Amino acid sequence: MKIWTSEHVFDHPWETVTTAAMQKYPNPMNPSVVGVDVLDRHVDPSGKLHSHRLLSTEWGLPSIVKSISFTNMVSVDERLTYKPHPQNPEKTVLTQEAIISVKGVSLSSYLEGLMASTISSNASKGREAMEWVIHKLNAEIEELAASARGGMRTPLVAAALAEK
Amino acid sequence: MNSVGEGCTDMKREYDQCFNRWFAEKFLKGDTSGDPCTELFKRYQQCVQKAIKEKEIPIEGLEFMGHGREKPESSS
């Protein structure tokens, strides 16, 4: 049962966005992600890169959610797809959807609404996190380029770089 | 970023650095000439798979929407 979908456009090219997605954590918007591990990674014969990752999180879950999860009645899957914008190669379209799978129980519309609004606000936080990571990566590139230009540095910039 | 296995964090970071460089400088530019990170990955995997077993993290049989692998159209 699909309970939530959204589409968002990033003002950055696809290569930048996917690089940021690979390095999304840590970021200040998701303090509960405490670990990221790669369980499998390979490029398939068609040239597609597959990454299977495990995210370790420390959440304070309300006890009702904990008990539901432990009885395996409900699972929430989320799919994010980043595609180059069809009209503008400098932009990237993110399509996001959350699917709830329920075993033998029908989800009340109240619960569905509650979960959809939580997912929606998390998605907003997630996009903010992506912008933060993109900004950080671009700043690092800038800094590398500046130091490669070498003797063009002013004394003030040299001091700032030395301090880092 | 840490690994789920505390002793694996350094190996993970070394591998991550290698992968990030390969991803941006080779893969995204269409260069499929080879993977410079296989050794680092092997070492890191040995460590993390052991940690996952020890912590009894249930990763077997995890599926997305009833599929063992991602659907092809989900990748860009």
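## The outside and layout of chain A

Chain A exposes about 10,100 Å², and 58% of that area is supplied by carbon and sulfur atoms. Keep in mind as you look around that this is a predicted model. Of the 164 residues in chain A, 34% are buried.

Four helices and five strands make up the elements of chain A. If you start at the N terminus and walk along the chain, you meet them in the order β-α-β-β-α-β-β-α-α. Contacts in chain A also reach across the sequence: among those with a separation of 6 or more, 63% are between residues 24 or more positions apart.

## A core built by two chains

Which residues have the most contacts inside the largest nonpolar core? They are Tyr82(A) and Met130(A) from one chain, with Tyr15(B), Trp22(B), Phe23(B) and Ile52(B) from the other, in a core of 31 residues. Chain A gives two or more residues from each of helix H1 (14-22), strand E2 (33-43), strand E3 (49-57) and helix H3 (109-148). Chain B does so from helix H1 (9-25) and helix H2 (38-54). Apart from this core lies another one, of seven residues, including Ala98(A), Ile100(A), Ile119(A) and Ala123(A).

Ile52(B) is a good residue to click on. Setting aside its neighbours within four places in sequence, Ile52(B) is in contact with Leu39(A) and Leu54(A) in chain A, and with Val4(B), Ile57(B) and Ile59(B) in chain B.

## Salt bridges, far and near in sequence

How many salt bridges does the structure hold over all chains? There are eight. One of them joins the side chains of Lys91(A) and Asp11(A), with 3.3 Å from N to O. Lys91(A) sits in the loop between strand E4 (74-84) and strand E5 (92-102) of chain A, while Asp11(A) sits in the loop between strand E1 (2-10) and H1 of chain A, so this pair ties together parts that are 80 residues apart in sequence. Lys91(A) is partly exposed, at 24% relative accessible area, and Asp11(A) is exposed, at 55%.

Chain B offers two further examples to look at. In the salt bridge between Glu14(B) and Arg43(B), the closest N and O atoms are 3.0 Å apart. Glu14(B) belongs to helix H1 of chain B and Arg43(B) to helix H2 of chain B, so the pair links parts that are 29 residues apart in sequence. Glu14(B) is partly exposed at 39% relative accessibility, and Arg43(B) is partly exposed at 41%. Glu54(B) and Lys50(B) also meet through their side chains in a salt bridge, at 3.4 Å from N to O. These two residues are four apart in helix H2 of chain B, which means that about one helical turn separates them. Are they buried or exposed? Glu54(B) counts as exposed at 58% relative accessibility, and Lys50(B) counts as exposed at 53%.

## How sure is the predictor?

For the complex, the predictor gives an ipTM of 0.81 and a pTM of 0.75. Chain B has a mean pLDDT of 83, and 79% of its residues reach 70 or more. Where should you be careful in chain B? Over residues 66-76 of chain B, the pLDDT is below 50, although this stretch has 14 contacts in the model beyond near neighbours in sequence. Where pLDDT is low, the predicted coordinates should not be read in detail.

Key: Residues numbered from 1 in each chain as written. Chains lettered and ligands numbered in written order. Heavy atoms only, no water. Core = buried A, V, L, I, M, F, W, Y, C linked by side-chain atoms within 4.5 Å. Buried < 20%, exposed > 50% of the residue type's maximum accessible area, 1.4 Å probe, protein only. Contact = heavy atoms within 4.5 Å. Salt bridge = Lys/Arg side-chain N within 4 Å of Asp/Glu carboxyl O. Areas by Shrake-Rupley, 256 points an atom, 1.4 Å probe, with all protein chains shown as cover. pLDDT = per-residue confidence, 0-100.
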